[in-house]
Every structure is written in C-alpha cells, then in structure tokens.
Amino acid sequence: MLKDLYEKKFGAPPSSIIPLTPAGSNRRYFRLTGIETVIGVIGCSVEENKAFIYLSGHFKSKGLPVPGIIAVSDDKTAYLQEDLGDCQLFDCRDSVDLLKKTVAILPDFQYRGADGLDFTRCYPVSDFDGQSILWDLNYFKYCFLNTTGVAYKEELLEQDFRRMASDLSSSDCRTFMLRDFQSRNVMIHDGNPYFIDFQGGRRGPAEYDLVSFVTQARAAYPHHVKEILIATYIESASRYTVIDSDTFRKRFRLFSLLRTLQVLGAYGFRGKFERKTHFIKSIPAALSNLAELLKEPFDDYPYLSDTLRKMLEAEQTKLDICERPTSSLTVTVTSFSYKKGIPADLSGNGGGFVFDCRGMENPGRYDEYKQITGLDAPVIEFLERKGEIITFLDHCFGLVDPSVDCYDRRGFSSLTVSFGCTGGQHRSVYSAQKMAEHIKSRFPHVNVHLIHREQNIDLIL
C-alpha cells in the first residue's frame, strides 16, 4: 500500500521501505527512500488518521511546526508525511535550552492553533470534559489498579473520581489540548522542535499539556528543571491570556495527579496486557512520580489518596520480590522448514514446543515475496494485514509463557520453542522472531537464543 502510494506521488517506486521502531499506538511507521525520503504511516483507525491529517493541515496554515502531509490513500488507511529525521527531544532531554524552546512553543498550539479549528473533527471526541476525565480515571482503575490486587470500595472510589472530574472540567475552555505532549513526541529538526503526535488532541485545559511534558515518567526531569519549564510556559502563555501563577500551580498539581493515573492506566494496558517492554519498564518511574505527589495530601479526595498509598506499598513489595539475578534458563527459539525436519534438541532433554505455521496463507506463493523473508517489512505487512498470524501468536504466547516462568523458577537450564512452515522463510521466521522478542520483553532476565535455521541466522537476544 505504501509502495503504491509513493509511486503514485513520485512516479517511481521507493528504493527501500524500512520499518521504524514501533511506538505505543497500533500505527506502524516506515521510512521510504528513493526520489524523496518520506515517512509512511499505516493506521488501523481511519477516523484517527483523518483527525491527524486535518490537524496537520490546520496547524501548518497557522505556521506551527508539524510534519507536512504529502499523500493520502483513497481509503485513508495510509499516508505519507514529511521526514523530520531520527532525533527525538527525549534523546536531547539534558538540553535545558531545547526543553525551554519546546515549552515556549506549546501555547502557540493551544491558543493560535485553536483559532478557526473545527473541533468536531477531533478524535475520538471534541472536548476533554468531565466524562473524559472519568474515562481516564476508570482506565487507571481497570488497567492498573485492578492488576495490583489492592482491595477497595467501588462506591467510595467513584465518589472521589466524580469529585475530581467536576473540579477539573471547565465549560468555558477555548484552548487546544495535544493530549499526549511529551518529549518522545517532539522531533528536533535543524535545531528546532517539531510536534508530531496530536491525533488525539481536542479542546481542553491548557495545564494538562504542560503537566504531560514536565511529569513524563521516563524523562525524569530534576525539580529545578521542572520549575524552569513551568516559568517558561507561564511567560509564553501570558502573550495570549492573563495567568495567575498561584491558581495555575494549584491546578497544575491536581492535573499532575490525573495525568499520572492516566499514564499508569496506559502503562498497565500496553505493558501488562499487551506486554510491550517499553511500558513495563516505565511503570516504576510513574509510581515514583505518584509517590512524590502523595507526599502532600489531596484533602479533597481522601479515599482515593488512601487507596493509592496502599497500591504503592503493594507494588513496591512486588518490585522487591521480582528483583532476581540473571536466570540459568536459556529459551531456544527456532524457525525451520518441515521439508528439512524438526530441529534437534541439542540439550538432550527432549520436549519443548513445536508450532506448525502452515495453516496460514503463504507469502511465498507470490512472486514479490519470494526473495525476502519474514523479517522484511513487505512480508510483515502481508502477514499482519491478514490478521490470522496475530491470533495464532497470542495463543502461542499463552502456552509458552507459563512454561518459561515455571522453568525459570525451578532452575531448569533449557526450553525449546520451534516454528515450522513449508520453506522456513516467511511464516515461521516471522513467528519465531516475535516469540523471541516477546519472551525477552516478558522475562528480561531469561537468556533467549534465536535461530532462523534455513536463513543461517543465529543470535542471542
């Protein structure tokens, strides 16, 4: 799809399509090179894609630094945008000058960007209102709090949730809220910040974006840097409106609590449920932010505060228990061709898992895929677009994970997991690669040995 879109735009196919590191969303990004170098995006939500495309055009018309949209597929499932390079602000977060420069631009998006903006085209809703705040709080409850095992009284917690939603919602809000404004969503191009993630933006309170940026868990800005950024924002935003510093800081602290809970909900969903490594690793930093906030009481929300303190205590206990030395277990994950036989178990233990991938459509039957493997973007796109391999692997993960955990706890040294297909080139290679990455992210202390036998690839993750 991206290949066709590129060729239609530039008159020639791209010379390469390189997958980029996945982010937190389900959108997939690729760098396409050739006549022009651009970023290709495939998004499963057409409405979300439409929102990004509209907002990007609107912000461009206001002179705001965002990537330009170059081409859009007819069905709105894919688009090409300007390539701003690979330097995220997150990688330069020690540069206070760049941080200040970024925060100083934020009010331009919130105030100038709101001018003439059709908020009905925002996704998934047009306003960050009391209902949206309740959604965020319940996102935290269901995706994080409920995974900790901490008991609580639903009615009392909901009372505090409703009180917080009422306190933070504002009927006269006129500013645009980017929603997920943080240093990983800012690119540094030619020394200047560009904002790249705003498809979830909507009308909302100005304090929220600054809170998102300053309290980003993995960025871990020192207190004095946070104070500099808050002061920088207030000075810049004062070009558009009168700001009472004391009132702003009080609301900033309360929005900090809300944002921290929303982030924990996201980390719980993306980490504990979707098992994405980056989010699992971010949980301790977010809990640390929450602990810092709770050093001063939130008197208006006593039951919520008490529940959060119990949760922090329970999670710290789990972290202490889970700090294990490097495991003695090695999980060997292999892709192979059934024509050449199932891989031998060199440990001598026998057993392990062997999964047959031949029940899924074979990319090798199509000429365009015959010379590449399940590690290449076109094959990955083919398999994932069909969708059946995603369900297949979810079931495989569910079978393998308990054994890895059991073998690790019991001090065993070897477990094998093998994936076979007709030629050992496409389906089995994709599946073995995903399994090896999954095990390493879920059990980082376990040794993972990955072998793509027919491709002569042998490596340790």
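Helix axes are here lines fitted to C-alpha atoms over the stretch in contact, and the angles between their N-to-C directions run from 0 to 180 degrees. The model is predicted, so that local features need pLDDT of at least 70 and side-chain atom pairs count only at pLDDT 80 or more, while totals for chains, interfaces and linings use all residues. Residues are numbered from 1 along each chain as its sequence is written, and side-chain values use heavy atoms, with hydrogens and water left out.

Helix H3 (residues 96-112) and helix H6 (residues 206-214) pack with their axes 10 Å apart, at an angle of about 155°. H3 and H6 are therefore roughly antiparallel to each other, a term that applies to angles over 145 degrees. Leu99, Thr102, Val103, Leu106, Gln110 and Tyr111 in H3 meet Ala206, Asp209, Leu210 and Phe213 in H6, where contact means heavy atoms within 4.5 Å.

A second helix pair lies further along the sequence. The axes of helix H12 (residues 388-409) and helix H13 (residues 427-442) come within 10 Å and cross at roughly 45°, which makes H12 oblique to H13, as are angles that are not under 35, over 145 or from 65 to 115 degrees.

Strand E11 (residues 353-356) shows an alternation of side chains: Phe353 and Phe355 point to one face and are buried, whereas Val354 and Asp356 point to the other and are not, buried being under 20% relative accessible area with a 1.4 Å probe and protein chains only. E11 runs parallel to strand E12 (residues 414-421), to which four bridges join it, pairing requiring at least two bridges found by DSSP. Phe355 has Phe419 as its bridge partner in E12.

Key. Buried means under 20% relative accessible area, exposed over 50%, partly exposed in between (1.4 Å probe, protein chains only). Helices (H or I, at least four residues) and strands (E, at least two) are DSSP runs, numbered from the N terminus.
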